[in-house]
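Student: Could we go through some labels on this model and ask what earns each one?
Tutor: Sure, let's put it up and start with charged pairs.

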Amino acid sequence: MATKITIDPITRIEGHMKIEATVDNGTVRDARCAGTLFRGFEIILRGRDPRDAQRITQRVCGVCPAIHGTAAALNLDSAFEIADKVPDNGRILRNLVLGSNYLQSHILHFYHLAALDFVDVASVAEYKGNDQELNSLKDFIARGEIAPFVPRYEGDYRFDVSTNQLLTKHYLTALEMRRLAHEMLSLFGGKMPHNASVVPGGITEHPTVDKISGFFWRLSRIRKFIDEAYIPDIIAVAQAYPDHWNIGQGPGNFLSYGAFDLDGESADYATRKRLFLQGAVEQMSGFKVLDTEKITESVKHSWYAGDGAVHPSRGETIPDARKNGGYSWIRSPRYEGKVYEVGPLARWVVSYFGGQTEVKNAVDSLIKTTGVELQKLNSVLGRHAARALDAKLVADSMAEWVLGLKTGEPVCVAFEIPDVAEGMGIVDGPRGALGHWISIKDKKIERYQLVVPTTWNGSPKDEKDQPGPMEQAIMGTPVQDVENPYELVRIARSFDPCLACSVHTLNVKGTKMGAMRVV
């Protein structure tokens, strides 16, 4: 007899997400992922001054606002025809602002959102050492007030007590690392969240020796943490949970817009030289050059008017909460009409097959260390490992970039708002491929469309009834206990879904385990 599991909401993510899974003979036969609340940023932007875009779109999410500011600025650069005129200082400072957000986001995801699925924090109750932070947490547990560590799904904690305690210590240290990353961003962005300095044409903040020095020493501490804690902890999880290389397989198709401009000579974002490459990989084999004209969005199973798949530049946001067949406020982006996963794993797979030397060396080293084949990266553990490698490469690159700043040189270029124009800004954020599209008429925003990472990964079925990446990753998963389906939650969290960032859902973060119904 089939059993239906509903987990609503999935917690320790950003925003509200529901998963429905039909389990038959211990295996998930069908799955639905749904964003459950509407926001409508694209409607809010209509009729406004185009320069409002990089301010307003950052309010989509408090965890990853810098990527929206970056995409919006690239979008306006394109529309204002200044995409190839941004000064080097402006380009580098944008990279440093975005990179700082990458680091805090990746550290947040593993330690404060996903690691609690693998680490038994309750073991700190047995701690007998002299570490002040662990003793403070021990006292906290003794008082019985231990949210956000509980409620939780129980029963699959595999580390011994000392390893649990070490990883819990790293959980606490990670809070400090995130603070340092926020401070780094604020040095050149003005504040975090929602920086005030990224604008069309570059950035408003000028580098000084003091700010460069302050940025560098904070970055050095984060790099040390990544090398000595983050990456070893990921390896420890992989060794304790080797079966998680075999669950959470997505569609096997990966898409990346690339990230971190290494020069500003090309106005074409699909070919511009970036640290991470733009492109696609189908079935973990071969590299394809990115063609943005092949991107479409379907709303057949979304609560919006319309049925067919259209390019984002021609998309409309018309809510239809009673639409027959709809089950999500998220739409269904596709590339070449096929389902593609985005995110750190996609970024690394694309750059690996595209021949990015640093990426290839790091992936080959990971494969050698873990003993798994390349295909196994399409999994829960593969996503976590890619995110850690992502943090290291970005942090190490930032150490070079910040020293390339030149005091006293320009950071921005002047521009004029055109009467009529269209623009596109594409770039990979911490969670994956983010695209902004704009149409300008009479110097105002006529249309603004966003296609964000969780729209790709958390999408419902499309007009061909192809399930989205997260739905496919959940389907086929063995479930040991339908009353305690921790496997499904671990798969969902491995994507680091941001339902706030999917634009169409409410930004609400919970600390309690989602309600679950078994039918």
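**Salt bridges, burial and contacts**

Tutor: D390 forms a salt bridge with R347, with the closest N and O atoms 2.9 Å apart. One caveat: this is a predicted model, where local features need pLDDT of at least 70, side-chain atom pairs count only at pLDDT 80 or more, and totals for chains, interfaces and linings use all residues. Residues are numbered from 1 along each chain as its sequence is written, and side-chain values use heavy atoms, with hydrogens and water left out.

Student: Why is the pair D390 and R347 called a salt bridge?
Tutor: The term asks for a side-chain nitrogen of Lys or Arg within 4 Å of a carboxyl oxygen of Asp or Glu. The N and O atoms of R347 and D390 are 2.9 Å apart, so the pair fits the definition.

Student: What does the pair D390 and R347 tie together?
Tutor: D390 lies in helix α10 and R347 in helix α8 (residues 344–353), so the pair links parts that are 43 residues apart in sequence. Helices here are DSSP runs (H or I, at least four residues), numbered from the N terminus.

Student: What makes D227 and K392 a salt bridge?
Tutor: Their side chains meet at 3.0 Å, N to O, so they pass that cut-off too. D227 sits in helix α7 (residues 209–240) and K392 in helix α10 (residues 380–402), so this pair ties together parts 165 residues apart in sequence.

Student: How do you know whether D227 is buried or exposed?
Tutor: Buried means under 20% relative accessible area, exposed over 50%, and partly exposed in between (1.4 Å probe, protein chains only). D227 has 38%, so it is partly exposed. K392 comes in at 28%, so that residue is partly exposed as well.

Student: And R51 with D49, what label does each residue get?
Tutor: The two side chains meet in a salt bridge at 2.8 Å, N to O. R51 has 40% relative accessibility, so it counts as partly exposed, while D49 at 18% counts as buried.

Student: How many salt bridges does the structure hold?
Tutor: There are 39.

Student: Why is I235 called buried?
Tutor: I235 has 17% relative accessibility, so it counts as buried. I235 lies in helix α7.

Student: Which residues does I235 touch, leaving out those up to four places away in sequence?
Tutor: L366, T369 and T370. Contact means heavy atoms within 4.5 Å.

Notes. Helices (H or I, at least four residues) and strands (E, at least two) are DSSP runs, numbered from the N terminus.
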